[in-house]
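Q: I would like a close look at the cysteines of this model, followed by an account of how other side chains are placed and paired. Please explain each step for a first-year student.

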Amino acid sequence: MLSQKQAEEAMVSSFDDTEQEEREVENKAGHSMFGLKSFLWHGGSVYDAWFSCASNQVAQVLLTLPYSFSQLGMLSGIILQIFYGILGSWTAYLISVLYVEYRSRKEKENFSFKNHVIQWFEVLDGLLGPFWKALGLAFNCTFLLFGSVIQLIACASNIYYINDKLDKRTWTYIFGACCATTVFIPSFHNYRIWSFLGLGMTTYTAWYMTIASLVHGQVEGVTHSGPTSLVFYFTGATNILYTFGGHAVTVEIMHAMWKPQKFKYIYLLATLYVFTLTIPSAVAVYWAFGDKLLTHSNAFSLLPDSGWRDAAVILMLIHQFITFGFACTPLYFVWEKVVGMHDTKSLCLRALTRLPVVIPIWFLAIIFPFFGPINSAVGSLLVSFTVYIIPALAHMLTYRSASARKKAEEKLPFFLPSWTAVYVVNTFVVVWVLVVGFGLGGWASMTNFIKQVDTFGLFAKCYQCPPPPSAAAAAAAAPHH
């Protein structure tokens, strides 16, 4: 008991030393500007982590949740949001426990993380070995790659509703160049002001969607027939699984904190706030437009044109730029480590090193511009493993021996004080997500995704765009038999 207490004190002392070093850097950075730069640029508090989690968790997916409700039906949509929100919070908690375990072990070996950002695949490597490192690296990087692709697609999809003089593919080229500027943001430590603004933007957009739908009222002849098929049902379910699977960057957010051991319940608190955005907006839009959403995956396409809508579009564009940075920054770190530039202090040199990461993201966004269906495909095939199955399995394997459980750095949560109960919950997560998320969800979302490819083709110039006025007029004038 005494040795465990000493180990805990040593870990806290080590974390406190790191915190002191980071605060000293901050003070030097912000001294000449009365701390303004430090206030806006250097964030490592519990509140910064909460803003980062809440801001990053729901971005463009806010606009596709009404589409998911049209596939699932109202009741299933609400229940699955709450279910996957709780499930996601649990696996984020597991990731935080494994991070603290890994870091404390390395700190005891006198390993310094002063110029090194710990990442999920390194945690898996340190606790479980090279196979798990490779598995974590493959799934995490692929998910974050497509997560960045989705943000680019969303940018083009949204701006089109303000300016349709350019097609969505051209807007993708433009926003790809804009998002490439995220190479200049060193780490999650520097997202303080962006996270705060980002959450304000999604909050405005969610409540605009709710109020605008209620004010608009139900469209004439509205129907709410979902769910109408298994493909639709499981496609919608995996989009919600994707919504609450935004914790692929948990380790990097924790590492940016001054006291990472305080992270444990932050993701749950962030999720509870996110519920106040996602549930009312999805319910209101689906109530107003019903089955029309089945062919309109972006809620902006159905909401009436107004200054309020334009403001929401612009705010979401800025937020998608921020979320692109959130998804891409861990990829930047991985690439820096591969080419041996991670310890370089020159910001410009690191930015130049990072640029090649943006190119495949740009290219994939142009190939697969299917805003909505791509979320479900990524959710079922990548999110299911990255942030649900692998963390649950890794936690079970790390603490499989009695000695490992006895020496665990983090005590069991107060609401689940038994190792048996923890293993039961973890087993449920693995089986449920493997069967329902990856199996049925993968089948449904890929069926739907292939349908989009068949309908619109790869490199689609303007996905789900209304036909030009001349084509619409010609169709209307055509003789009817």
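A: Cys155 has a relative accessible area of 0%, so this residue counts as buried. The model discussed here is predicted. Cys155 takes part in no disulfide, and the nearest cysteine sulfur, which belongs to Cys179, lies 4.8 Å away. A disulfide requires two cysteine sulfur atoms within 2.5 Å. By this rule, the count of disulfides is zero. In general terms, a disulfide is a covalent bond that links the sulfur atoms of two cysteines. Cys53 is likewise described by its accessibility: with a value of 4%, this residue counts as buried.

The next topic is helix H3. This helix covers residues 46–57 and contains Phe51. Phe51 has a relative accessibility of 23% and is therefore partly exposed, because the class called buried ends at 20% and the class called exposed begins over 50%. Phe51 also illustrates how positions separated in sequence may be compared in space. Phe51 and Tyr191 are 140 residues apart along the sequence, while their C-alpha atoms are 9.5 Å apart.

A second example of this kind is found in helix H5. Val97 belongs to this helix, which spans residues 74–108. With a relative accessible area of 4%, Val97 is buried. The C-alpha atom of Val97 is 8.1 Å from that of Glu409, although 312 residues separate the two along the chain.

Helix H5 also holds a pair of charged residues. As a general principle, side chains of opposite charge can pair when their charged atoms come close. Arg105 and Glu101 form a salt bridge through their side chains, with an N to O distance of 3.1 Å. These two residues are four positions apart in helix H5, so about one helical turn separates them. The two partners fall into separate accessibility classes: Arg105 is partly exposed at 32%, whereas Glu101 is buried at 4%.

Across the structure, 10 salt bridges are counted. One of them joins Glu410 and Lys264, whose closest N and O atoms are 3.1 Å apart. Glu410 is in the loop between helix H16 (402–406) and H17, and Lys264 is in the loop between helix H11 (250–255) and helix H12 (266–289); the pair therefore ties together parts that lie 146 residues apart in sequence. Glu410 is buried, with a relative accessible area of 10%, and Lys264 is partly exposed, with 25%.

A further salt bridge connects the side chains of Arg309 and Asp305, at 3.6 Å from N to O. Here the accessibilities are 6% for Arg309, which is buried, and 61% for Asp305, which is exposed. Elsewhere, Glu336, Arg350 and Arg354 are joined into one network by salt bridges that share partners.

Aromatic side chains provide another kind of contact. A pair of aromatic rings is described by the distance between the centres and the angle between the planes. The whole structure contains 25 aromatic pairs. One of these involves Phe131 and Trp132, whose ring centres are 6.1 Å apart and whose planes stand at 90°, so the arrangement is edge-to-face. Phe131 is exposed, at 58% relative accessibility, while Trp132 is buried, at 13%. Aromatic residues may also be grouped: Phe83, Tyr84, Tyr388, Phe428 and Trp432 form one cluster. A ring may in addition lie beneath a charge, as the charged end of Lys106 sits over the ring of Phe111 at 5.0 Å from its centre.

The final topic is the surface. Leu230, Leu381, Val431, Leu434, Val435, Phe438, Leu440 and Trp443 make a nonpolar surface patch of about 680 Å². Helix H17, which comprises residues 419–456, contributes the most to this patch, with six residues. Leu434 is located in helix H17. At a relative accessibility of 37%, Leu434 counts as partly exposed.

To return to the opening subject, the model has zero disulfides by the rule applied, and both Cys155 and Cys53 are buried.

Terms used. Residues are numbered from 1 along each chain as its sequence is written. This is a predicted model: local features need pLDDT of at least 70, side-chain atom pairs count only at pLDDT 80 or more; totals for chains, interfaces and linings use all residues. Side-chain values use heavy atoms; hydrogens and water are left out. Buried means under 20% relative accessible area, exposed over 50%, partly exposed in between (1.4 Å probe, protein chains only). Rings of Phe, Tyr and Trp (its six-membered ring) pair if their centres lie within 6.5 Å; planes under 30 degrees apart count as stacked, over 60 as edge-to-face and the rest as tilted. A charge sits over a ring if NZ of Lys or CZ of Arg is within 6 Å of the ring centre and within 35 degrees of the ring normal. Patches are made of residues with over 30% relative accessible area and no salt bridge: like charges are joined within 9 Å, nonpolar side chains (Val, Leu, Ile, Met, Phe, Trp, Tyr) within 5 Å. Accessible areas come from the Shrake-Rupley method with a 1.4 Å probe; for residues, only the protein chains shown count as cover. A salt bridge is a side-chain nitrogen of Lys or Arg within 4 Å of a carboxyl oxygen of Asp or Glu.
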